Amino acid sequence: MNAANPSVRREAVGRRDEVVSSHFALWLTAGIVVTALLTAASLLVGTSSIRASVGWLLAPDALSNTVLWHIRLPRAVGAWLAGALLALGGAIAQGLFRNPLAEPYLLGSASGAALGVTVSMMATDASLAGLAWSGELGVTGAAFVGACAAITLTVLLSRGVLQTASLLLAGIVVAFLLSAVTSLLLLSSPDTWRAMQAFLLGSTAFLSWHSTILLAVVFVVCLVPSVLLSRGLDALTLGEDTAQSLGVSLPALRLALLTLLSLATAITVGQVGIVGFVGLVAPHLVRESFHISQRRLLVAAPLCGGALLQAADLLSRWVIRPAELPVGIVTACLGGTYLVYLLWRRARHA
Amino acid sequence: MAVFQAEASAPTRLGIALMLGFSILSCAAAAIGVSDRTPPAADGPIVLRDSAQHELRLEHAPQRIVTLLPSLTETVCALGDCSRLVATDRFSNWPASVMDLPKAGGLDDAEIELIVSLKPDVVILAHAARVTDRLRDLGIATFVAETRNFADISRTVAAVGGVLGVPERAQILNRDIDRAVNEAVAAALIHLHGRSPLVYYEVDSGPYAAGPQSFIGELLARLGARNIVGSELGPFPKLNPEYVVRHNPDVILLSTKEANTVGNRPGWERIRAVQEQRICSFDPQVSDTIVRPGPRVAEGLRAIADCLTRVAP
């Protein structure tokens, strides 16, 4: 990082912003149009034999009504929101850790969620009290609690949020440890393994209006403050020392952004399971399109991530219709392919 | 050994017994409500409590049913109500007629939209929180029937019979299953002539074994076989292959796929069962009857008994 002359860098960033301003507006519009198209397509594609037609849309019977408005629409909207939250988490993580490989799960939230779900399923199997307890909490609640606990553990292990490097290391340690505990528990209860597998592969199939509204609220709650904090992230791209010399209070910024990242990830994991690659790839997709400030990245990445997960969800329903693929498999294929392409292109430029 | 197991997992058993007690009580209530009718025509309101303590209320006996577990599909069909099924899970394959029905995914990744579009009166499934919650959310009645061990089979048959409005048929089916099981066990014990082979049942080449606590373990125990795995290891422990070599089973029971290569595993050529070719291999169709705690349990027992009679030392 060249931190020799921050004011020159800042001016350069400013000029670049003006140049891409119109591009950015165009890009946002395109993103919104794509999202609208994908939502419309999501309403038309499903596993059941209901076929959309104009007459059907105008005067749907009770069944089509349920399928359209209570299954397909919350699923489409929920998938968008989940993708947007993951992408927002990814953009925050990549900015905060100044690492292009940072992703929303890097503080151990995914492994924590998996452990939470495993424990709740085993409690269900074990006793009547466990059944009542896990029924109250539900799979989504258990995943949320697990993710929060894992992130807390990571922060405790790294002794606060002062060192990004130790946070990353603690995150990796916690992820491996909790995965090991999960595997250990699954060994003693193979019945749970099958249900766990379904959760680990991620699924948008169970999104209801409840979960969609929850995701929407959390999305707004996470997006607004992170955009407000984006100046700090911009400063951080110049290096931690420079950011501090520019008057950014790093501990406060880190704490605030980590809280937002954790909330976004924990809620999403709870609702759709572990959907990989969206949070990692979406910010890259945006950044590869044009150079961009953190503020715009934080707006554009969710749009991109939302569209990405919607598209993946659509594909997962369409590829082996009338059956469905777990959406995590589709995002991993799409995201993985894109990352390989990115690597290949960089290698060629070098 | 059986007594020891019962004590070891007493709290669990108590829990299951309590909740199944509830469902049986509710079943009885439903039975009283419809007892003056002939078995096939029961059509009064049905109120039952399922294994998850959730109340199921139906105005009439359900005519459109979705099952999300093979043993439950088999139970519905064994009760003579296969024609009421409108979809099953993707693994249900018996009786053959259910193969033509729409497949609504698996228990944990059930296809909600397909199920809703079939307008079922009730979905009968095992515990799967996400699916159950979503279906209820969409106004679909669900009934959770957990079948983990041998004793659960008759409870599940009674509960499903209650849901279908055919409690008398469920009693008859339970008697039939009991009789068939007792006959199979009696015949096996005669043919085995007091032989009590030391067995290893491999569920998966992990190798995962079927422990005495598992349903398969219970079947083996009924036939007088001794399991190389102790009940302290849990229902399906993942073993160190060395463990099997050290315990030197007289008979190995596994899938046909693994049967030919089991002797190639390091050190396994020294196992008595391998040396003397005392190996029971089961085709997937036969295996289904052994691993599914359902109405075909006697068939599964006979499959194991036939092989043990043939190969046990």
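**Exercise 1. Describe how helices α8 and α13 of chain B pack, starting from their angle and axis distance.**

Solution. Begin with the geometry: in this predicted model, helix α8 (residues 215-222) of chain B packs against helix α13 (residues 297-311) of chain B at an angle of about 60 degrees, and their axes lie 10 Å apart. Next, name the arrangement: that angle makes α8(B) oblique to α13(B), because angles of 65 to 115 degrees would be needed for roughly perpendicular and angles under 35 degrees for roughly parallel. Then add the hand: α8(B) and α13(B) cross in a right-handed sense. Now find the residues: α8(B) contributes B:L219, B:L220 and B:R222 to the contact, while α13(B) contributes B:G300, B:L301 and B:I304. Finally, sort them by character: the contact of α8(B) with α13(B) holds 4 nonpolar residues, 1 polar and 1 charged.

**Exercise 2. Check the end-to-end span of helix α6 of chain B against its expected value, then say whether the helix is mostly covered or not.**

Solution. Helix α6 of chain B covers residues 150-164, which is 15 residues. At 1.5 Å a residue the expected span is 21 Å, and the end C-alpha atoms are 22 Å apart, so the two agree. Turn now to burial: 12 of the 15 residues of α6(B) are buried, and the helix is mostly covered. Among the buried residues are B:I153, B:R155, B:V160 and B:L164. To finish, look just past the helix: α6(B) is followed by B:G165, which has a positive phi near 80 degrees.

**Exercise 3. Repeat the span check for helix α7 of chain B, and list buried residues in it.**

Solution. Helix α7 of chain B has 26 residues, 167-192. The expected span, at 1.5 Å a residue, is 38 Å; the end C-alpha atoms are 37 Å apart, so this helix passes the check. Buried residues in α7(B) are B:P167, B:A170, B:L173, B:A184 and B:A188. A reminder helps in reading that list: an α-helix has 3.6 residues a turn, so residues three or four places apart point the same way. Right after α7(B) comes B:H193, with a positive phi of about 50 degrees.

**Exercise 4. Summarise the make-up of chain A: its secondary structure, burial and contacts.**

Solution. First, count the elements: chain A has 14 helices and 0 strands. Next, take burial: 47% of the 350 residues of chain A count as buried. Last, consider contacts with a separation of 6 or more: 80% of these in chain A join residues 24 or more positions apart.

How values were computed:
Residues numbered from 1 in each chain as written. Chains lettered and ligands numbered in written order. Predicted model: local features only at pLDDT ≥ 70, side-chain atom pairs only at ≥ 80, totals over all residues. Helix = DSSP H or I, 4+ residues; strand = E, 2+ residues; numbered from the N terminus. Buried ≥ 20, exposed ≤ 12 C-beta atoms within 10 Å, placed from the backbone. Contact = placed C-beta atoms within 7 Å. Expected span 1.5 Å × (residues − 1). Axes fitted to C-alpha atoms, helices over the stretch in contact; angles between N-to-C directions. Left-handed = near helix turned anticlockwise from the far one by under 90°. Nonpolar A, V, L, I, M, F, W, Y, C, P; charged D, E, K, R; others polar.
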